[in-house]
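This report looks at one protein chain, beginning with a single residue and its surroundings before turning to the whole. Please keep the sequence and the structure in view while reading.

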Amino acid sequence: MEADVKKVLLVYYSQTGQLGRLAQSFAEPLRQSAGIRLDCVNLRPQRPYPFPWPFWRFFNTFPETVHLQPEPIEAPDIPGEDYDVVVVAYTVWFLSPAQPVTAFLQRAETKKLLDGKPVATLIGCRNMWLTAQEKMKTLLAQNGAKLIGNIVKIDACNSAASFITTPAWLLTGNKQYFRALPAAGIAPEELADGARFGAKLRDALVSGRALDETVFQNMGAARVNEKLIFSEKAAGRSFYLWGKLLMAAGRVSPLLRRALLAFYIVFLITLILTVIPVSAVVKQLLKPWLRGWLGRQKRYYNLPSGE
């Protein structure tokens, strides 16, 4: 009967442990099914990323992250080869997939594993994931994979508060470093809700239905906040250009890169405190004229799962 068993690979990297809990929630219904063999693989960087982050290493990681030039990972211990479906769970670093996940998708062995296979992505992040998922789409296409679904879970607190609470959590390890603000991170009930999507994939596999873009539709898998579309595009351009400049400076001198990075951190904080609030007001004023464009953008980013 082994030939009738469906094989699922779930690959993830969790630095804080939060994404690991989301991945395990998704995995639980699959793990409990006698007709499914589930292999969960936790990616391991050759040089571990500490948590909480040291201040300089946190910011110094962004140029290579944005330009998809990750530090190497240990060879993943993947038990099988011919999987029926692969799930890639990742968190977002600087509007890009976390470096260990990018490293996994750039391995020659991964292309053999994913070529022609249906792949679903599972994201746990603060709130901005559109740019990261576009990069993920490119990486999956380079591996010959077919994206069939995208499930996203974001922080419980609002965007303004999370600008403060998320960095504080990452740099201190304390989810509620500021007692007057909501706790950082994804709400426990949202992490647990990952099981609903795992169950849907289980049912599709057991019933023998086609694994295509309809699997996770009409489940509220990924909700696009149209208010953040402009902000993501602007931040993505800034990260790309400054990342390129910082890597070039590093080739001249590590000290030059560090000095330039210090300047960029001050610039970024100033930008968040001044330009972003003003741009939010401008976007609100222009919204009647941009409604059609925003609607098209929202529908595009919602694919393939949709709201």
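In this predicted model, Thr-165 is found in helix 7, the helix that runs over residues 159-172. Its relative accessibility is 3%, so Thr-165 counts as buried, because buried means under 20% relative accessible area. When residues up to four places away in sequence are left aside, Thr-165 touches Cys-157, Leu-181, Pro-182 and Ala-184.

The helix around this residue can be checked by its length: at 1.5 Å a residue, the 14 residues of helix 7 should span 20 Å, and the C-alpha atoms at its two ends are indeed 20 Å apart, so expectation and model agree. Thr-165 shares its buried state with other residues of helix 7, namely Ala-161, Ser-162, Thr-166, Ala-168, Trp-169 and Leu-170. These buried residues pack against helix 1, residues 18-31, and against helix 2, residues 55-60. After helix 7 comes Gly-173, a residue whose phi is positive, near 85°.

A second residue can be described in a similar way. Tyr-264 has its place in helix 11, which covers residues 254-273, and with a relative accessibility of 2% Tyr-264 also counts as buried. Again not counting residues up to four places away in sequence, Tyr-264 touches Phe-62, Ser-238, Phe-239 and Trp-242. Tyr-264 and Ala-108 lie 156 residues apart along the chain, and their C-alpha atoms are separated by 35 Å.

The table sets the two buried residues side by side.

| Residue | Helix | Relative accessibility |
|---|---|---|
| Thr-165 | helix 7 (residues 159-172) | 3% |
| Tyr-264 | helix 11 (residues 254-273) | 2% |

Turning to the protein as a whole, there are twelve helices and seven strands. For 307 residues, a compact globule would have a radius of gyration near 19 Å, and the protein has 20 Å, which agrees with that expectation. Taken along the principal axes, the C-alpha atoms fill a box of roughly 60 × 50 × 40 Å. Of the 307 residues, 49% are buried, while the accessible surface comes to about 14800 Å², with 59% of that area belonging to carbon and sulfur atoms.

How much of the contact pattern joins residues at least 24 apart in sequence? Among contacts between residues at least 6 apart, the share is 81%. Finally, the protein carries 37 positive and 24 negative charges, and the mean positions of these two groups are 9 Å apart.

Conventions:
Residues numbered from 1 in each chain as written. Predicted model: local features only at pLDDT ≥ 70, side-chain atom pairs only at ≥ 80, totals over all residues. Heavy atoms only, no water. Helix = DSSP H or I, 4+ residues; strand = E, 2+ residues; numbered from the N terminus. Rg over C-alpha atoms; globule rule 2.2 N^0.38 Å. Buried < 20%, exposed > 50% of the residue type's maximum accessible area, 1.4 Å probe, protein only. Contact = heavy atoms within 4.5 Å. Areas by Shrake-Rupley, 256 points an atom, 1.4 Å probe, with all protein chains shown as cover. Lys, Arg positive; Asp, Glu negative; His and termini not counted. Charge placed at Lys NZ, Arg CZ, Asp CG, Glu CD. Expected span 1.5 Å × (residues − 1).
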